[in-house]
Amino acid sequence: LWRQELNLSKISMETLTYADWIKELLSQSGSADRIQFSKSELWDVLHRVWKNSDAPENFNLFQKVFDLYTDLKSMTNDASIFKQVLSMETALQESTLVLLERVYALKEINDEYQNVRDIIAEVEERGLQWLEGKKIHLVGFKILSGLQIDLLQKLAQHAEIYVYVPKYLEI
């Protein structure tokens, strides 16, 4: 029923994944030519570093390190914090900790979190005039990271942002 009403109203609407939406925001802010890493590409890069280091051949340990990497990236870019957490949560050798800290600090790895930080900085610095007056409806989120909330708050200075969450969440 609602689709028919929507079609009759002649409203322009796009449906994008979160990753594609971030790419669109990057392109509108002038950063479309940057190499962007998806989460699976990031996993591959980190796994290659892992395999070519003196890290133990333990997939579960690697996955734990990757999960810590992505969890912390959503909160901070500080590589020393990543190293501290790894030293508390794992028994990795110092040489492996230093190597992973260096990878974490690389500016060339433009993962989702770095891209969102750059969009926030762009909005703070110059705004996003193309976004003025638009309405953005986000559906399908069950949880938002602090960084995603920061992005939505910045974008809400230029557009109407609506985030729809399920009435009941299964935990």
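The questions and answers below go through the helices, cores, salt bridges and surface of a predicted model.

Local features need pLDDT of at least 70, side-chain atom pairs count only at pLDDT 80 or more, and totals for chains, interfaces and linings use all residues. Residues are numbered from 1 along each chain as its sequence is written, and side-chain values use heavy atoms, with hydrogens and water left out.

Q: In what order do the elements of the chain run from the N terminus on?
A: Helices (H or I, at least four residues) and strands (E, at least two) are DSSP runs, numbered from the N terminus. The chain has eight helices and two strands. Their order is α-α-α-α-α-α-α-β-α-β.

Q: Which helix supplies the largest share of the largest nonpolar core?
A: A nonpolar core is a set of buried Ala, Val, Leu, Ile, Met, Phe, Trp, Tyr and Cys residues joined through side-chain atoms within 4.5 Å; buried means under 20% relative accessible area, exposed over 50%, and partly exposed in between (1.4 Å probe, protein chains only). The largest core has 22 residues, and Trp 50, Phe 82 and Leu 100 have the most contacts inside it. Helix 3 (39-51), helix 4 (59-73), helix 5 (79-89) and helix 6 (94-105) each supply at least two residues of this core. The largest share, seven residues, comes from helix 4.

Q: Is Glu 122 buried or exposed?
A: Glu 122 is placed in helix 7 (residues 112-126). Not counting residues up to four places away in sequence, Glu 122 touches Ser 29, Gly 127 and Leu 128, where contact means heavy atoms within 4.5 Å. Because its relative accessibility is 14%, Glu 122 counts as buried.

Q: How far apart are the end C-alpha atoms of helix 7?
A: The expected span of a helix is 1.5 Å times one less than its number of residues. Helix 7 has 15 residues and should therefore span 21 Å. The distance between its end C-alpha atoms agrees, at 21 Å.

Q: Which helices do the buried residues of helix 7 pack against?
A: The buried residues of helix 7 include Tyr 113, Val 116, Ile 119, Ile 120 and Val 123. They pack against helix 2 (18-28), helix 4 and helix 8 (146-155).

Q: Which residue forms a salt bridge with Arg 48?
A: A salt bridge is a side-chain nitrogen of Lys or Arg within 4 Å of a carboxyl oxygen of Asp or Glu, and the structure holds five. Arg 48 counts as exposed because its relative accessibility is 53%. Its partner also lies in helix 3, four residues apart, about one turn of the helix. With the closest N and O atoms 3.0 Å apart, that partner is Asp 44.

Q: How many residues apart in sequence are Lys 64 and Glu 89?
A: The side chains of Lys 64 and Glu 89 meet in a salt bridge, 3.8 Å from N to O. Lys 64 lies in helix 4 and Glu 89 in helix 5, so the pair ties together parts whose separation in sequence is 25 residues.

Q: Which residues make the nonpolar surface patch of about 300 Å²?
A: Patches are made of residues with over 30% relative accessible area and no salt bridge, with like charges joined within 9 Å and nonpolar side chains (Val, Leu, Ile, Met, Phe, Trp, Tyr) within 5 Å; accessible areas come from the Shrake-Rupley method with a 1.4 Å probe, and for residues only the protein chains shown count as cover. One member lies in strand 1 (residues 135-139) and is exposed, with a relative accessible area of 64%. The patch is made by Val 139, Tyr 162 and Tyr 164.
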